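Trainee: Could we go through this one together? I'd like to ask how each label is earned.
Mentor: Sure, let's put it up.
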Amino acid sequence: MAETLVAGVSVNEVARRHSLQANHLSAWRTLARQGKLVVPESAGAESGAPVALPEPSGTPVTTPIDLIIGAVMLRLDAATPAARVAELVLALQART
């Protein structure tokens with residue numbers, strides 16, 4: 001996801017390079033903009049890249065998190081820390 005923040009790089013280009021669907025990558029970009037996804041720093045990324053923010057107080061989110069990369073799907077508890085989700089995404093991408 002961090003690669004898509006580099007000036008001149010398109011979502012479709014990154015998706016093809018990593019065998020991902022562009023719409024999944026776009027959804028991750030949306031989550032990152034909302035502060036719900038940790039984005040590792042990447043050389044050349046635009047300044048002000050999104051970072052995970054603490055969940056707002058109020059009703060806790062209970063919807064499970066589904067990570068789908070290629071033929072692999074992981075269902076995570078909604079309370080899974082964003083940093084752990086990011087680690088799993090990177091590990092799954094490394095396998096494909």
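Mentor: Let's start with Thr80: leaving aside neighbours within four places in sequence, Thr80 is in contact with Ile65 and Val85. Keep in mind that this is a predicted model.

Trainee: Where does Thr80 sit, then?
Mentor: Thr80 is in the loop between strand S2 (72-76) and helix H3.

Trainee: Is Thr80 called buried or exposed, and why?
Mentor: Its relative accessibility is 18%. Buried means under 20%, so Thr80 counts as buried.

Trainee: What makes the pair Asp77 and Thr80 a polar contact?
Mentor: The backbone oxygen of Asp77 lies 2.7 Å from a polar atom of the Thr80 side chain. The cut-off is 3.5 Å between N or O atoms, so that distance falls within it.

Trainee: Back to Ile65. Which element holds it, and what does it touch?
Mentor: Ile65 lies in strand S1. Not counting residues up to four places away in sequence, Ile65 touches Leu74, Arg75, Leu76, Asp77, Ala78, Thr80 and Val85. As for Val85, its C-alpha atom is separated from that of Ile65 by 8.7 Å, and the two residues are 20 apart along the chain.

Trainee: Hang on, how can Ile65 and Val85 be in contact with C-alpha atoms separated by 8.7 Å?
Mentor: Contact is judged on heavy atoms within 4.5 Å. The 8.7 Å value is for the C-alpha atoms, so it doesn't rule the contact out.

Trainee: And why is Ile65 called partly exposed?
Mentor: Ile65 has 25% relative accessibility. Partly exposed runs between the 20% and 50% limits, so the label fits.

Trainee: What about Leu31: where is it, and what is its label?
Mentor: Leu31 is found in helix H2. With a relative accessible area of 32%, Leu31 is partly exposed. Beyond four places in sequence, Leu31 touches Lys36 and Leu37.

Trainee: What makes Ser19 stand out?
Mentor: The phi of Ser19 is near 55°, a positive value in a residue other than glycine. Most residues other than glycine have a negative phi. Ser19 sits in the loop between H1 and H2.

Trainee: How do you know whether Ser19 is exposed or buried?
Mentor: Exposed means over 50%, and Ser19 is at 56%, so it counts as exposed.

Trainee: Which residues are at the heart of the contacts in the largest nonpolar core?
Mentor: That core has 17 residues, and Met1, Leu20, Leu25, Trp28, Leu67 and Ile69 touch the most other members. At least two residues come from each of H1 (11-17), H2 (22-33), S1 (65-69) and H3 (82-95). H3 supplies the largest share, 4 residues.

Trainee: How are the elements ordered along the chain?
Mentor: From the N terminus on, they run α-α-β-β-α, which fits the count of 3 helices and 2 strands.

Trainee: What are the figures for burial and exposed surface?
Mentor: Of the chain's 96 residues, 26% count as buried. The chain exposes about 6400 Å², with 56% of that supplied by carbon and sulfur atoms.

Trainee: Last one: how confident is the predictor, and where is confidence lowest and highest among the elements?
Mentor: The mean pLDDT of the chain is 75, and 74% of its residues reach 70 or more. Confidence is lowest in H3, at a mean of 79, and highest in H1, at 86.

Terms used
Residues numbered from 1 in each chain as written. Predicted model: local features only at pLDDT ≥ 70, side-chain atom pairs only at ≥ 80, totals over all residues. Heavy atoms only, no water. Core = buried A, V, L, I, M, F, W, Y, C linked by side-chain atoms within 4.5 Å. Buried < 20%, exposed > 50% of the residue type's maximum accessible area, 1.4 Å probe, protein only. Areas by Shrake-Rupley, 256 points an atom, 1.4 Å probe, with all protein chains shown as cover. pLDDT = per-residue confidence, 0-100. Polar contact = N/O pair within 3.5 Å; in protein donor to acceptor, adjacent residues only side chain to side chain.
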